[in-house]
Amino acid sequence: MAQREWVEKDFYKELGVTSDASTSDIKRAARKLQAELHPDRNPDNPTAEARYKAVGEAKDVLTDEKKRKEYDDTRKLFASGGFGRGYNGGGGNFGGFADGAEFNLGDLFDQAPQAGGANIGDLFGGIFGRGAAPRPTRPRRGKDLETETELSFLEATKGVAMPLRLTSQAPCTNCHGSGARPGTSPRVCPNCNGAGVISRNQGAFGFSEPCADCRGSGSLIDEPCEECSGMGVTTRARTINVRIPPGVEDGQRIRLAGQGEAGLRGAPSGDLYVTVHVRPDNVFGRNGDDLTVTVPVNFHELALGTTLSVPTLEGKVGVRVPKGTSDGRILRVRGRGVPKRSGGHGDLLVTVKVAVPPNLEGEAAEALEAYAKAERAAGFDPRAGWAGSL
């Protein structure tokens, strides 16, 4: 979207949030609206489809820190009258020019050489992140899309290939995105020679405006495609196969280049961003690239030492518990954790936790009482020095 449109659009109002809303609040509001307005839930409803796209545009700007700052600065500047008296917020005239000449918002952002050789685009390049370079006139790149998916813990750590179903603008299958009826091709616009803009002079100023014949595309379609009416794209459901890499974390976003909304008339497609949600596992946990697991043990296993059979992502492994191991100790097994992005694996962290029998009777109780007596006779006191002089 061109920055010139930001002056006339209130993205905060579109999402129903305040101008000081946090990024997480903005994303939450956008997700709720997109779910309500999704084409799958509102078939053949052009109003809902238009609002769905408007919400997407607002989200794209307000969740990008740099774009949001530019948007806020732009609207503040125009609201304060920073471009001279007479601005009425939407294509009106600007006061302060000789002979009552009127200039619209589009003219202001176009190239306009001054007497000193500078132009208006240069003056405001710092605000909009651009200088005097002319606006691209070719069909613009498709919008980026966002979606979410849920994985099990093992799928997230091992990686998985899965299908994702989307409803969005995609290249027309009839004309393959050209917009022209099969067997024909678009031709170069003779009015602008394919530039998409017409330059004109008005006194000391030079202006460029979109070509009226081709509407800025630089080409004409004499026989539009019947399926897409010459746009080169249609809204349809599609399924794409996504490869989730091993080791993906909960909340991580994965970028799929070129899988977003299709551009008009063969322009490049946007990207697709997939946010991954990972379901907790009953056995395993995760600490960065390390895999964690808690193993129940008996007291005598810690006191006398033993070897435990512990599950991992690739089967079981034997873990040696040294004699005299304390309850809650973490034992590390190298290279048995989660796959790393840089290669290799993290470690397996095994926490041993004593399981106390809820009811101990008979020979087991007698044996434990005998052990407690022998322990006291040996002088072992687990609370010796524990509370100091208290």
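## Reading contacts, strands and salt bridges

T149 touches M162, L164, V274, T275, V276 and H277, leaving aside residues up to four places away in sequence. The model in which these contacts are found is a predicted one.

Q: Where does T149 lie, and is T149 buried or exposed?
A: T149 belongs to strand β1, which covers residues 145-151. A residue is called buried when its relative accessible area is under 20%. T149 has a relative accessible area of 9%, and therefore T149 is buried.

Q: In what order do the strands of the open sheet stand, and which strands are at its edges?
A: To read a sheet, one follows the strands from neighbour to neighbour. Here four strands form an open sheet with the order β10-β11-β15-β14, and their pairing is mixed. The edge strands are β10 (284-287) and β14 (330-333), each of which pairs on one side only. From one strand to the next, the twist averages 30°.

Q: How many bridges join β14 to β15, and which residue of β15 does R332 stand opposite?
A: Strand β15 spans residues 348-354, and four bridges join β14 to this strand, the two running antiparallel. R332 stands opposite L349 in β15.

Q: What can side chains of opposite charge do when their charged atoms come close?
A: Side chains of opposite charge can pair when their charged atoms come close. In this structure, the count comes to 20 salt bridges.

Q: Which residue does D73 meet in a salt bridge, and where do the two partners lie?
A: The side chain of D73 meets that of K69 in a salt bridge, at 2.9 Å from N to O. Both residues lie in helix α4 (residues 65-79), where they are four residues apart, about one turn of the helix. D73 is partly exposed, with a relative accessible area of 29%, whereas K69, with a relative accessible area of 53%, is exposed.

Q: Which parts of the chain does the salt bridge of D271 and R255 tie together?
A: The side chains of D271 and R255 meet in a salt bridge of 2.9 Å, N to O. D271 lies in the loop between β8 (253-256) and β9 (272-278) while R255 lies in strand β8, so the pair ties together parts that are 16 residues apart in sequence. D271 counts as buried, because its relative accessibility is 8%.

Q: With which residue does R334 form a salt bridge, and is R334 buried or exposed?
A: R334 forms a salt bridge with D347, and the closest N and O atoms of this pair are 3.1 Å apart. R334 and D347 are each in the loop between β14 and β15, 13 residues apart. R334 counts as exposed, at 65% relative accessibility, whereas D347 is buried, with a relative accessible area of 10%.

Q: Which residues are joined into one network by salt bridges that share partners?
A: When one residue takes part in several pairs, it helps to read those pairs as a group. In this model, salt bridges that share partners join K9, E57, K143 and E261 into one network.

Q: Where is N282 found, and what separation is there between the C-alpha atoms of N282 and F153?
A: Position along the chain and position in space are read separately. N282 is found in the loop between β9 and β10, and N282 is exposed, with a relative accessible area of 82%. N282 and F153 are 129 residues apart along the chain, and their C-alpha atoms are separated by 9.4 Å.

Note on methods
Residues are numbered from 1 along each chain as its sequence is written. This is a predicted model: local features need pLDDT of at least 70, side-chain atom pairs count only at pLDDT 80 or more; totals for chains, interfaces and linings use all residues. Side-chain values use heavy atoms; hydrogens and water are left out. Two strands pair if DSSP finds at least two bridges between them. Axes are lines fitted to C-alpha atoms, for helices over the stretch in contact, and angles run from 0 to 180 degrees between N-to-C directions. Buried means under 20% relative accessible area, exposed over 50%, partly exposed in between (1.4 Å probe, protein chains only). Contact means heavy atoms within 4.5 Å. A salt bridge is a side-chain nitrogen of Lys or Arg within 4 Å of a carboxyl oxygen of Asp or Glu.
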